[in-house]
Amino acid sequence: MLEHLLETEVTKRPSTVRLQGRILFLTEDPDLIRRQLAGEDLDWDPSIPLRDDISTDEITPGWVCYHFDEKLGEYPYVGLLCGDERPIGRNDIRNGGFVCSVSGKRRGKGSSREASPYAERAAGLRVVIGENIERIYGENCANIGLLASTDFSLIEKIRRGEEIPLDAFIADAGRIQRDIIEYGGLLDYAVARLKGLVSLPAISTAAERPQTVAEKIMARHWVTDAASDALGVPAVKPGDTGFLRADLRFSHEYVTPMASTFWEDFAGDAGLNDTASIVFFRDHLAFLDEAITEERKAAGLLDAAHALHDRQRAFAAAKGVRLHGELPDRTGSEGICHIMVQDRYALPGQIIIGSDSHTPHSGALGCVAFGVGTSAIVNAWATRDVRLEVPESIRVHITGAPSPGVVAKDLILELLRHPTVKSGEAIGRIIEFTGEAIEAMSIDERVTLTNMAAEVGGFTGIVAPDGKTVEWIAGRRGVSVDGIRALCDGLYSDPGAEYAATIEMDASRVEPLVAAPGDPGNGVPISALDENIGLDLVFIGSCTGSKRTDFEMYAAVAREAVAAGLRVPDSVRAYAQYGSVDVEAWSRERGHDRALRDAGFEVLAPGCGACINAGPGVSTSAEQVTISSINRNFPGRSGPGRVYLASPLTCVASAIEGRIVAYGSQAWSKLPGLEN
């Protein structure tokens, strides 16, 4: 299929790098940003207040990603919040002659969008430096040839135009990552691999090594001979590098169009490898027409967004790939990719890759599911493989029974404010959830935890499969219990398995929380809020908050309120959005849609919507306050307003009260025995 690639010439980069250009410090102070854009070059001083936690939503806001070519180079950092301002405008980076940008901790957190480093590179940047760098963002940089480092001593060398050894940007990278950097990107590396110019390190991990459940799954899928499709090694350990055979590869309309362009450059009109295990989704922008501003329409962004869908649909048809698309009779989509993968596709023991950082969603079913960038998806279309350096694992052991009114969302918000997570120690690591509190949870509640392993900064989140997993999949899919149980054989962590750290949590000590605006890690118990926070908007939905159990909770609180003669006040606009047509049908059978409408919610067809600033429920001014069950509240993520994250129970109780309250603190709430 890809024989012509053997004729493609690929070469390594030179062993040294000399960079010519300016250095941009991404600071908390908007005036310092403006001074640099005006031509002033700052000397590096550790007292400069660098921005931490710069998300890919700030590097390339969702609307920027309606473009999928060099035009992205006009927009890097237009969403960057410095203080209360966004000082960087269109073409400022390209016009400023910058070759390097520098930031603080957790650079590139959030979405897996390769559009972010692509935009930086297209604007002229060749190096990005941060105190630490999120896994997917760092891999995406390497995959497209953008150098990344955590070494601040490089700043002056770059400024002086010195020759810098390429090794300075490789640091402790594994063999494959090193080769990718040396060949200037993943797709050139893929050609080098096909031509035998690179070799994979041998796996010599002792078979008797105790392994975590994730390591066992990786070992089973380890590619030992791509030519003969030979898979499997006895054991792996952190640091082992190689390729895994993916059981499922999926992408959505934000990524498939750019990937299709990459594919044509890489493979011409060749078909994709094993299309039966590839799925496309139209989920992110199905409601955009109802939320986009007139200003952005005038700029042609609605047309650009429609072009994304058109491109994906045409590519799916040409390549014979199943597309879960728009609803034929109304605005909406068949479903959010993660919820549909959970409900219809994922199985224990599988390797699943998706073009979205919340792919760990399905880790609750006992599979290793993780997000990758555009180049990795393209490579997987050709080879069915995904490269991997086995990450270390962190065990999150949750004991005790949650108090009434505390659910999985509260537990993950508590974890996100833990010092180990706040310091960045969880970045790129597998987050394994264990303990009696996990065992007692429903599958949908476990999913809330693994989904938001992305916010933790983890490589993935996983829960070892158990009897609940078997019963859930068999009941949801109408398949044999014995068949699913067989898939789970051996899928547990061995006694003595190694963890880089263990975080102990007592669920009984966790209160209902909200994450204050700006970052999911800004968790605070509602009881500790020092003000009465009124609401303008409520949005319940997204991949984290639109599963069956979520709607069970939403409807239970709504029914209690209506029984007490209450509903959402006229001053608050409240929206509920299903995660898939399956969730919608299930909810309607139980009257959950009617309960929410009776309580004053507008109930929307499935889609991502407001979570990605592309549907009803987005804010329209900086003064507006939203409470939401989504997973991210990065600046600008859901409009210009302030977004608080909270559990399904807290969101609906707060909607009824018109202000942020913990469910259970009202005379009308009964704290029903909801399944946790």
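Reader: Where is asparagine 613 found in this predicted model?

Author: Asparagine 613 lies in the loop between strand 24 (602–604) and strand 25 (625–628); strands are DSSP runs of E, at least two residues, and helices are runs of H or I, at least four, numbered from the N terminus. Residues are numbered from 1 along each chain as its sequence is written, and side-chain values use heavy atoms, with hydrogens and water left out. In this predicted model, local features need pLDDT of at least 70 and side-chain atom pairs count only at pLDDT 80 or more, whereas totals for chains, interfaces and linings use all residues.

Reader: Why is asparagine 613 called buried?

Author: Its relative accessibility is 19%, and buried means under 20% relative accessible area (exposed over 50%, partly exposed in between; 1.4 Å probe, protein chains only). Asparagine 613 therefore counts as buried.

Reader: What makes the phi of serine 542 notable?

Author: Serine 542 has a positive phi of about 80° although it is not a glycine. Most residues other than glycine have a negative phi. Serine 542 belongs to helix 22 (residues 542–545) and, at a relative accessible area of 2%, is buried.

Reader: How do you know that lysine 319 has no salt bridge?

Author: A salt bridge requires a side-chain nitrogen of Lys or Arg within 4 Å of a carboxyl oxygen of Asp or Glu. For lysine 319, in helix 12 (residues 301–319), the nearest side chain of opposite charge, aspartate 269, is 6.3 Å away. Lys and Arg count as positive, Asp and Glu as negative; His and the chain ends are not counted. Lysine 319 is thus buried without a salt bridge.
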